[in-house]
Amino acid sequence: MPHKLNYINGQWTGSELAYMEVVNPFNGETIATVPKAGRREAEMAIDAAHQAFSSWSRLSAQERAGYLQRVANIMLENKEELARIMTLEMGKPLRESRGEVQYAASFLEWYAEEAKRIYGRTVPGRDASQRILVLKQPVGVVAAITPWNFPAAMVTRKLGPALAAGCTIIVKPAEQTPLTAIRLMEYCEQAGIPHGVVNLVTGDPAEIGDAFMSNPLVRKITFTGSTAVGKHLIRKSADQVKKVSMELGGHAPMIVFEDADVEKAVQGAISSKFRNAGQTCICMNRIYVHEKVYDRFVQAFAEAVSQLKVGDGLDEHTHVGPIIDRDGYEKIDRHVQDALEKGAKAVIGGRGHIVNERACFYQPTVLTNVNSDMLIMYEETFGPVAPIQTFQRDEEAIALANASPYGLAAYFYTESMKRGTKVMEALEYGIIGWNDALPSTAQAPFGGMKESGIGREGGSEGIEPYLETKYVSVGI
Ligand code: NAD
């Protein structure tokens with residue numbers, strides 16, 4: 001069984017530490033072990049990143065871009081290998097893992113280009129004797145904490161802009177999926193990224209997190225994960241007024257208006273809801289369908305859901321893989337059982353399948369007769385379950401969609417330009433899919449409103465959180 005190590009200051013370390021097991025959620029087997037690092041190792045990584053910062057930040061943008069492009073190329077050359085690691089440690093179908101490698105590499109490519117476009121400004125002074133220069137400079141050492149559901153893309157979406165801006169970084173991947181992140185570090189090493197510029201520690205989240213939050217050398221925390229942990233880190237960041245970027249939970253509504261292309265909406269709901277077994281922060285979590293097209297939508301949707309094959313992500317025919325772990329499974333089942341007890345009807349699915357303590361699946365499920373009092377209509381489910389509610393008026397659908405503390409992604413289907421324009425402006429969400437169920441792409445500013453986050457990743461906006469703005473007033 002491979003024992004993979006941490007990457008600190010260009011060295012593979014941590015073989016002397018206690019270890020954690022990495023589990024294949026398809027069958028519960030242990031596939032590797034990684035060090036259970038804590039405060040000491042986190043401090044070592046912070047020191048290494050701090051040491052490397054002065055030379056890395058002084059490289060030309062072209063040089064930093066060159067490194068990023070090389071890592072992207074290595075990722076793409078090893079697409080199959082990386083995709084397989086991802087499927088083994090988190091269960092998503094291989095087809096989706098390949099797509100994620102492509103998507104993850106695109107953040108490095110995009111920010112390799114953006115590195116060259118970090119522009120300052122000159123501003124006319126208050127009188128003839130003053131000139132003002134506005135400089136953009138890297139914030140310094142960045143600590144990145146990432147979730148398990150997109151083990152490659154959530155790392156590169158931070159690594160790309162941080163390195164492009166001239167920052168150095170320590171990555172702490174999720175306990176469930178460290179192997180993909182470790183392979184990414186190996187690619188960084190192969191690309192010749194200087195020692196200390198990228199570092200990785202695996203281990204106790206609270207202890208490593210505390211080391212990041214309490215060390216003044218860490219200037220910025222970039223976190224993707226649950227809203228609960230995000231709030232905890234925001235509170236901790238106050239002590240040293242650290243910069244924070246937060247990509248947190250979601251509870252995406254989907255609205256199908258009466259003039260929607262129903263077939264397209266059904267296809268969209270399938271690809272958004274069941275991708276990654278529904279364990280996606282922007283996946284549709286509640287569907288509102290106009291009463292005039294409700295029956296048609298439910299029938300076609302249930303028919304399409306019945307075709308989905310659940311199984312091993314390594315099997316090319318699988319559409320829906322296992323649930324990441326038992327806690328995830330219990331939450332999904334709690335939402336489904338709560339809805340059924342309160343009067344919902346399972347048109348299809350409604351049950352899970354526990355293989356053993358470390359491997360479980362949930363049947364793709366469609367629930368009708370749901371209402372806003374059911375847990376599933378106001379909490380993030382993170383599973384392959386689609387509740388469908390009917391509505392009559394546009395205002396009603398918009399009000400239902402906005403009635404959430406989350407504001408990450410929302411979707412709607414309409415063929416009317418007038419209706420669509422009104423709806424896109426009324427929805428309180430950072431990402432809107434109008435007749436589009438898969439809006440994510442490196443060139444767009446991904447992120448949420450309300451309790452879904454702070455800041456944006458991707459697009460030209462995505463590099464800004466890694467930059468300080470400084471102005472110089474020159475007297476002439
Ligand atoms: P999580 O919050 O449990 O864990 C995320 C990361 O935080 C992991 O690396 C974990 O080890 C770490 N962590 C946990 N406790 C910590 C602590 N006390 N201090 C420091 N770090 C700590 O989330 P998860 O279960 O891995 O991921 C699922 C969640 O992530 C969902 O809510 C999902 O919506 C969200 N998510 C959001 C986005 C986005 O872009 N907005 C993308 C993917 C996932």
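I'll start with one residue pair: F412 stands opposite W434 in β21. The strand that pairs with β21 here is β20, residues 409-413, in the parallel sense and over four bridges. Strands count as paired if DSSP finds at least two bridges between them. The strands themselves are DSSP runs of E, at least two residues long, and helices are runs of H or I of at least four residues, both numbered from the N terminus.

Before going on, the basis. This is a predicted model, in which local features need pLDDT of at least 70 and side-chain atom pairs count only at pLDDT 80 or more, while totals for chains, interfaces and linings use all residues. Residues are numbered from 1 along each chain as its sequence is written.

Back to the sheet. β20 and β21 belong to an open sheet of seven strands with mixed pairing, in the order β14-β17-β18-β13-β12-β20-β21. At its edges are β14 (345-348) and β21 (431-434), each pairing on one side only. On average, neighbouring strands in this sheet are turned by 25 degrees against each other, direction ignored. For that angle, axes are lines fitted to C-alpha atoms, and angles run from 0 to 180 degrees between N-to-C directions.

At the β14 end, β14 pairs with β17 in the antiparallel sense over three bridges, and K345 stands opposite T368 in β17. On to β18, residues 385-391: this strand pairs with β17 in the parallel sense, also over three bridges. There, V366 stands opposite A386 in β18.

How are the faces of β17 placed? In a regular strand, side chains alternate between the two faces of the sheet. In β17, residues 365-368, both faces are covered: T365 and L367 on one side are buried, and so are V366 and T368 on the other. Buried means that 20 or more other C-beta atoms, placed from the backbone, lie within 10 Å of the residue's own.

L88, in helix α3 (residues 79-90), counts as buried because it has 23 C-beta neighbours inside 10 Å. From L88 to N435 the separation is 347 residues in sequence and 33 Å in space, C-alpha to C-alpha.

The other sheet I want to show is open, has three strands in the order β5-β6-β24, and pairs antiparallel. β5 (121-124) and β24 (467-475) are at its edges with a single partner strand each, so one side of each has no neighbour in the sheet. Here too, the average turn between neighbouring strands is 25 degrees, direction ignored. β6, residues 130-138, runs antiparallel to β24 and is joined to it by nine bridges. One facing pair is L135 and K470 in β24.

Now the ligand. Which residues come nearest to it? Of the 27 residues around the ligand, they are P147, G209, G225, E247 and C281. A residue is near if its C-beta atom, placed from the backbone, lies within 6 Å. The shell divides into 12 nonpolar, 11 polar and four charged residues. Two helices, α7 (205-214) and α8 (227-237), each supply at least two shell residues; α7 gives the most, with three.

Why does the ligand lie between two domains? Domain 1 (6-248 + 452-475) and domain 2 (252-441) both give residues to its shell.

Last, the annotation. An unreviewed UniProt entry lists residues 12-472 as "domain: Aldehyde dehydrogenase". That span is 39% helix and 23% strand, and its end C-alpha atoms lie 42 Å apart.

Technical notes:
UniProt positions renumbered as here; feature names shortened; annotations may be inferred. Nonpolar A, V, L, I, M, F, W, Y, C, P; charged D, E, K, R; others polar. Domains from an automatic or database assignment. Buried ≥ 20, exposed ≤ 12 C-beta atoms within 10 Å, placed from the backbone.
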